[in-house]
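Reader: I am new to reading protein models. Could you walk me through this one and show how each term is earned?

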Amino acid sequence: MSRVLIFPSFPRAVLLSALALAACSPALNWREVRPEGTRLSLLLPCKPDKAQKVVPLGGRPTSLSMLGCDADGATFAVAIADVDDPSQAASVLALWQDLALANMKAVPASRQPLPLKIPGASPGTPVTRLQAQGQRADGTAVSGQAAYFAQGSQLFQVVMYAPHLMPEAAETFFSSLKLE
């Protein structure tokens with residue numbers, strides 16, 4: 001003889017409501033973001049924080065605007081710098097990429113270029129996307145993917161860092177990049 005446990009109606013309703021709410025709260029809640037002062041649009045999986053600072057980029061102090069957030073154990077961010085001279089874009093982007101790889105102590109053998117096309121990116125400046133393995137400042141392992149591109153004198157760095165990259169999240173994030 002089998003016994004069936006029947007929940008009283010109120011607790012059962014609470015349980016079903018809790019399950020329904022959990023299903024509606026994904027760890028990655030994608031939303032379109034348009035950084036101020038740019039023609040870029042992209043998807044971020046969480047509400048971004050904003051920051052701005054001045055950094056030495058391209059041999060001179062440069063204002064860097066950033067949007068970023070953490071979701072499901074990963075960091076997603078976009079940084080924008082304006083170098084005032086579009087002819088410097090390619091060299092400054094290459095320098096920026098090298099600095100980011102050095103900062104994460106990327107293992108040279110782990111650096112893999114990945115395909116990426118960004119509608120509206122400057123045609124004379126390469127669009128670069130790469131993946132690398134390295135370390136955070138505290139010494140823990142980190143995987144990263146980054147994209148570098150320009151539109152005129154505006155330079156963009158789009159990054160995703162996590163202990164282990166999530167291919168579906170990375171694809172959604174990087175394939176959403178568009179310049180209008």
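**Strands, turns and burial**

Author: Happily! Let's begin with one pair: Pro56 stands opposite Pro61 in strand 4. Keep in mind that this is a predicted model.

Reader: How do you know that strand 3 and strand 4 pair?

Author: Two strands pair if there are at least two bridges between them. Strand 3 (residues 49-57) and strand 4 (residues 60-71) are joined by nine bridges, so they count as paired. They run antiparallel.

Reader: What lies between strand 3 and strand 4 in the hairpin?

Author: Two residues lie between them, and Gly58 in the turn has a positive phi of about 70°.

Reader: What makes strand 4 and strand 5 a pair?

Author: The cut-off is again at least two bridges. Strand 4 and strand 5 (residues 74-82) have eight bridges, in the antiparallel sense, and therefore they pair. Across this pairing, Leu67 stands opposite Val78 in strand 5. These strands also form a hairpin with two residues between them, where Asp72 in the turn has a positive phi of about 55°.

Reader: How many helices and strands does the chain have, and in what pattern?

Author: The chain has three helices and 10 strands. Along the sequence, the pattern reads α-β-β-β-β-β-α-β-β-β-β-α-β.

Reader: Why is a residue called buried, and what share of the chain is buried?

Author: A residue is called buried because its relative accessible area is under 20%. Of the 180 residues in the chain, 41% are buried.

Reader: What does the accessible surface of the chain come to?

Author: It comes to about 10500 Å², and carbon and sulfur atoms hold 59% of that.

Technical notes
Residues are numbered from 1 along each chain as its sequence is written. This is a predicted model: local features need pLDDT of at least 70, side-chain atom pairs count only at pLDDT 80 or more; totals for chains, interfaces and linings use all residues. Side-chain values use heavy atoms; hydrogens and water are left out. Helices (H or I, at least four residues) and strands (E, at least two) are DSSP runs, numbered from the N terminus. Buried means under 20% relative accessible area, exposed over 50%, partly exposed in between (1.4 Å probe, protein chains only). Accessible areas come from the Shrake-Rupley method with a 1.4 Å probe; for residues, only the protein chains shown count as cover.
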